[in-house]
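Reader: Hi! I have a protein model open and I'm new to this. Could you walk me through it?

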Amino acid sequence: MLPPFDYFEHRRACQRKQTERATRIDSLPSAYVTPVSSKERTILQEPIESLVRDVHNGSLKPIDILRTYGKIAIRAHEKTNCLTEVMLPEAEEWAEHEVNLRGPLAGIPISLKDSIAVKDFDVSVGYSCNTGKPYAQDGIMVRILKDAGQLILGIGSIKN
């Protein structure tokens with residue numbers, strides 16, 4: 001596309017993605033916007049090995065870990081604009097049906113860089129021209145992480 005039209009297309013794509021992200025954040029369950037509880041503080045202070053062990057023995061639910069770290073991720077995003085995609089509702093669904101909760105990283109949330117393919121989400125690699133093109137299936141890295149038990153809570157921007 002020729003200048004200045006490519007600039008206008010870029011601005012439209014950026015606005016569309018920002019609106020989409022804001023809508024997703026606004027529609028999150030209240031568990032992601034309430035103050036951090038004492039139970040959540042305990043989860044945040046636990047080493048990963050303890051969290052995985054607790055998920056394996058059933059004394060801690062993956063959704064509790066996800067909601068705790070998701071709450072922190074949303075607060076960080078509010079201050080730094082670090083998330084390009086918010087996947088918390090999908091991660092809750094993955095915890096129920098798709099992720100191996102017996103894996104070595106069972107229930108541990110993670111955010112990925114904007115160059116990793118997650119089904120139904122864009123991989124823009126920081127370029128607005130790559131938005132609006134969600135991937136049809138998870139990339140190999142996402143499949144490996146889900147097999148290990150990880151819950152993808154979002155995509156972070158390349159610069160972060």
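Author: Happy to! Keep in mind that this is a predicted model. You mentioned being new, so let's begin with one residue: Glu 98 is partly exposed, with 44% relative accessibility.

Reader: Okay, and what does the side chain of Glu 98 meet in a salt bridge?

Author: The partner is Lys 146, with N and O 2.7 Å apart. Lys 146 sits in helix H6 and Glu 98 in the loop between helix H5 (88-97) and S2, so the salt bridge ties together parts 48 residues apart in sequence.

Reader: Is Lys 146 buried or exposed?

Author: Lys 146 is buried, since its relative accessible area is 5%, under the 20% cut-off.

Reader: Neat. How many salt bridges are there?

Author: The count comes to 10. Another one joins Lys 17 and Asp 122, whose closest N and O atoms are 2.9 Å apart. That pair links distant parts of the chain: Lys 17 belongs to helix H1, while Asp 122 is in the loop between strand S2 (109-113) and helix H6 (140-148), 105 residues away. Both Lys 17 and Asp 122 are buried.

Reader: Which residues are linked with Lys 17 in a network of salt bridges?

Author: Glu 20, Glu 85 and Asp 122 are linked with Lys 17 in that network.

Reader: What about a salt bridge inside one helix?

Author: Try Glu 9 and Arg 12, whose side chains meet at 2.9 Å, N to O. They are 3 residues apart in helix H1 (residues 5-26), so about one helical turn separates them. Glu 9 is partly exposed, at 36% relative accessible area.

Reader: Let me zoom out. How many helices and strands does the chain have?

Author: There are 6 helices and 3 strands. Along the sequence they follow the pattern α-α-α-α-β-α-β-α-β.

Reader: And the overall dimensions?

Author: The C-alpha atoms fill a box of roughly 60 × 35 × 25 Å along the principal axes. The radius of gyration is 17 Å, which agrees with the value near 15 Å for a compact globule of 160 residues. Of those 160 residues, 42% count as buried.

Reader: Why would nonpolar side chains be found together?

Author: As a general tendency in soluble globular proteins, nonpolar side chains are buried together. Here, the largest nonpolar core has 24 residues, and Leu 88 and Val 118 touch the most other members. H4, strand S1 (83-86), H5, H6 and strand S3 (151-156) each supply at least two residues of this core.

Reader: What is Leu 88 in contact with, leaving aside neighbours within four places in sequence?

Author: Leu 28, Tyr 32, Leu 66, Gly 70, Ile 74 and Leu 153. Apart from this core lies another, of 8 residues, among them Ile 43, Val 55, Leu 60 and Ile 108.

Reader: You mentioned H4. How many residues does it have?

Author: H4 (residues 62-80) has 19 residues and reaches 26 Å from its first C-alpha to its last, close to the expected 27 Å. Its buried residues include Leu 66, Gly 70 and Ile 74. After H4 comes Asn 81, whose phi is positive, near 60°.

Reader: One last thing: where is Ser 128?

Author: Ser 128 is in the loop between S2 and H6, and it is buried, with a relative accessible area of 18%. Its side chain makes a polar contact with the side chain of His 10, at 2.7 Å. Leaving aside neighbours within four places in sequence, Ser 128 is in contact with His 10, Ala 13 and Cys 14.

Notes:
Residues are numbered from 1 along each chain as its sequence is written. This is a predicted model: local features need pLDDT of at least 70, side-chain atom pairs count only at pLDDT 80 or more; totals for chains, interfaces and linings use all residues. Side-chain values use heavy atoms; hydrogens and water are left out. Helices (H or I, at least four residues) and strands (E, at least two) are DSSP runs, numbered from the N terminus. The expected span of a helix is 1.5 Å times one less than its number of residues. Buried means under 20% relative accessible area, exposed over 50%, partly exposed in between (1.4 Å probe, protein chains only). A salt bridge is a side-chain nitrogen of Lys or Arg within 4 Å of a carboxyl oxygen of Asp or Glu. A nonpolar core is a set of buried Ala, Val, Leu, Ile, Met, Phe, Trp, Tyr and Cys residues joined through side-chain atoms within 4.5 Å. Contact means heavy atoms within 4.5 Å. A polar contact is a pair of N or O atoms within 3.5 Å; within protein, one must be able to donate a hydrogen and the other to accept it, and residues adjacent in sequence count only if both atoms are side-chain atoms. The radius of gyration is taken over C-alpha atoms; the globule rule is 2.2 Å times the number of residues to the power 0.38.
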